[in-house]
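Subject: Structure handover

Hello,

Here is the structure I promised to pass on. Please open it beside this email and follow along.

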Amino acid sequence: MIWHILGAVSLFFNTVKTDKIVSNNSELILTNKTKLVSNKTKIATSSLIFKNKEIFNKLPIKKYEKLALFEPARDTIHKENSSNSLKEYREITASQKIDIITYRIFFNGSIEKHIPKVIAVGNENKYKYEYIAKEGKTLNLGSFKIHKTKTFKGSEDEYVNLINLEIVPKYFKQKNYQYHFNIDSRRSFVNEQTLASFFGAMLEVNYLDISCNGFSHKNGSSKPSRSHINGNNGDFKYLRSDKTLECGPGTSLNISKAPESLDYARQNKWNDALYKFGWKIMLGWTYTVKKTTKQLHHITHKTTNHHHHLHVQNYEPDFKEIKQ
Ligand SMILES: [Zn+2]
């Protein structure tokens, strides 16, 4: 099946008139400045890269209907793709004007918070998150409302910016990078930094079955846990070999009772990713398969009540704040 995609207009109004014919299985690349328009209705504007098939399955468009593709000028695309090393990338982005506080999460585990001189009206209470992949490509993960909250058990004038994981898209896919997670807890608030680390860890492993058993409540408290305050410490279900993503009471994998269901290879990679992006201590359980008892990565001993979830704490990310 052949689809015709007509017309490319740059953001800078350098009209580039091209007729593009894209087959159903080829990839249509939408940069974050690209709009895909059908019948004058905006149907996609994001930095996602879809298979055309996925777009056409998703959208209410008819066969052979004309689509207009609006995309940035070629030199802009070149600039986005040309940075192959972190150093080069940092030089380019340092000079880029931004109008929203932006977290840049680098594939190597480092995290930067960029604060622009001027924040655009409407962006005052939002932070943007970007992942910088190995290839130098920037993935836009979205902008999210922050809740300035008095630090739980902190001093009088101490605040923390919390973000509700419920408003973060649960699914993301762009080329080789993807994640899918759920929140199986009412403690759905992370903080501005741990959100960056969570994204970084998820995009390191690219799993589609991450189940979070909670960080903090809206006010930074953590009942019934005592340690999950201010969005720093979190719990995750152990990963299953069948890769199912479950939610609800009793769905956490108990690796003491059913160790054969644990995907320890993927779990170890996930533990390594969480460690790399900031959580330096993990609490969990051992698993015994074929009469051999083993430890998961970064777990040194069995901790009571941690046979059904992984707990991450001692959050010390490789973090830098940059004021423009
Ligand atoms: Zn915990």
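Two strands count as paired if DSSP finds at least two bridges between them. Keep that in mind for β8 and β10: six bridges join them, and the two strands run parallel. One more point before the tour: this is a predicted model.

**Overview**

The protein has 324 residues, and 33% of them are buried. Its secondary structure comes to five helices and 23 strands. Look also at the contacts with a separation of 6 or more: 64% of them link residues 24 or more positions apart.

**The five-stranded sheet**

Start with the open sheet that contains β8. Its five strands come in the order β11-β10-β8-β9-β23, and the pairing is mixed. The edges are β11 (138–145) and β23 (318–323). Each edge strand has a single partner, so one side of each has no neighbour in the sheet. From one strand to the next, the twist averages 20 degrees.

Now zoom in on β8, residues 101–106. Are its residues mostly covered or uncovered? They are mostly covered: six of the six are buried. That holds for both faces of the strand. I101, Y103 and I105 are buried on one side, while T102, R104 and F106 are buried on the other.

The two neighbours of β8 are worth checking in turn. In β10, Y127 is the bridge partner of I101. The pairing of β8 with β9 (residues 110–115) is antiparallel, over four bridges. There, T102 stands opposite H114 of β9. β8 and β9 also form a hairpin, with three residues between the strands. In that hairpin, G109 takes a positive phi near 105 degrees.

**The three-stranded sheet**

A second open sheet has three strands, in the order β12-β13-β16, with antiparallel pairing. β12 (147–150) and β16 (189–191) are the edge strands, and each pairs on one side only. Neighbouring strands of this sheet are turned by 50 degrees against each other on average, direction ignored.

Four bridges hold the antiparallel pair of β12 and β13, where β13 covers residues 159–164. To find the register, look for T149: opposite T149 stands V160 in β13.

**Helix α4**

Which strands of the three-stranded sheet does helix α4 (residues 192–205) touch? It touches β13 and β16, packing on the sheet. The direction of α4 makes about 95 degrees with that of β16.

α4 also lies across β8, β9, β10 (126–132), β11 and β23. It runs at about 30 degrees to β10.

**Helix α5**

Helix α5 spans residues 264–276, which is 13 residues. From first C-alpha to last it reaches 18 Å, close to the 18 Å expected at 1.5 Å a residue. Its buried residues are Q267, W270, N271, A273 and L274. Why do they fall on the same side of α5? Because they cover an arc of only 160 degrees around the axis. Their cover includes α4, β19 (279–283) and β22 (310–315). Just after α5, G278 takes a positive phi of about 140 degrees.

How do α4 and α5 meet? Their axes come within 8 Å and cross at roughly 145 degrees. The crossing is right-handed. On the α4 side, A201, E204 and V205 make the contact. On the α5 side, the contact residues are K269, W270, A273, L274 and K276. Three of these names should look familiar: W270, A273 and L274 are also among the buried residues of α5.

**A hairpin to finish**

Last, find β14 (residues 171–174). Its covered face holds F172 and Q174, and its uncovered face holds Y171 and K173. β14 pairs with β15 (residues 177–183) in the antiparallel sense, over four bridges. F172, from the covered face, stands opposite Y179 in β15. The two strands form a hairpin with two residues between them. One residue in the turn, K175, has a positive phi of about 50 degrees.

**Where to begin**

Try β8 for a strand with both faces covered. Then turn to β14, which has one covered face and one uncovered face.

Best wishes

Key: Residues are numbered from 1 along each chain as its sequence is written. This is a predicted model: local features need pLDDT of at least 70, side-chain atom pairs count only at pLDDT 80 or more; totals for chains, interfaces and linings use all residues. Axes are lines fitted to C-alpha atoms, for helices over the stretch in contact, and angles run from 0 to 180 degrees between N-to-C directions. Two residues are in contact if their C-beta atoms, placed from the backbone, lie within 7 Å. The expected span of a helix is 1.5 Å times one less than its number of residues. A residue is buried if 20 or more other C-beta atoms lie within 10 Å of its own, exposed if 12 or fewer, and partly exposed in between; C-beta atoms are placed from the backbone. The arc is that of the directions from the helix axis to the C-beta atoms. A crossing is left-handed if the near helix is turned anticlockwise from the far one by less than a right angle, and right-handed if clockwise.
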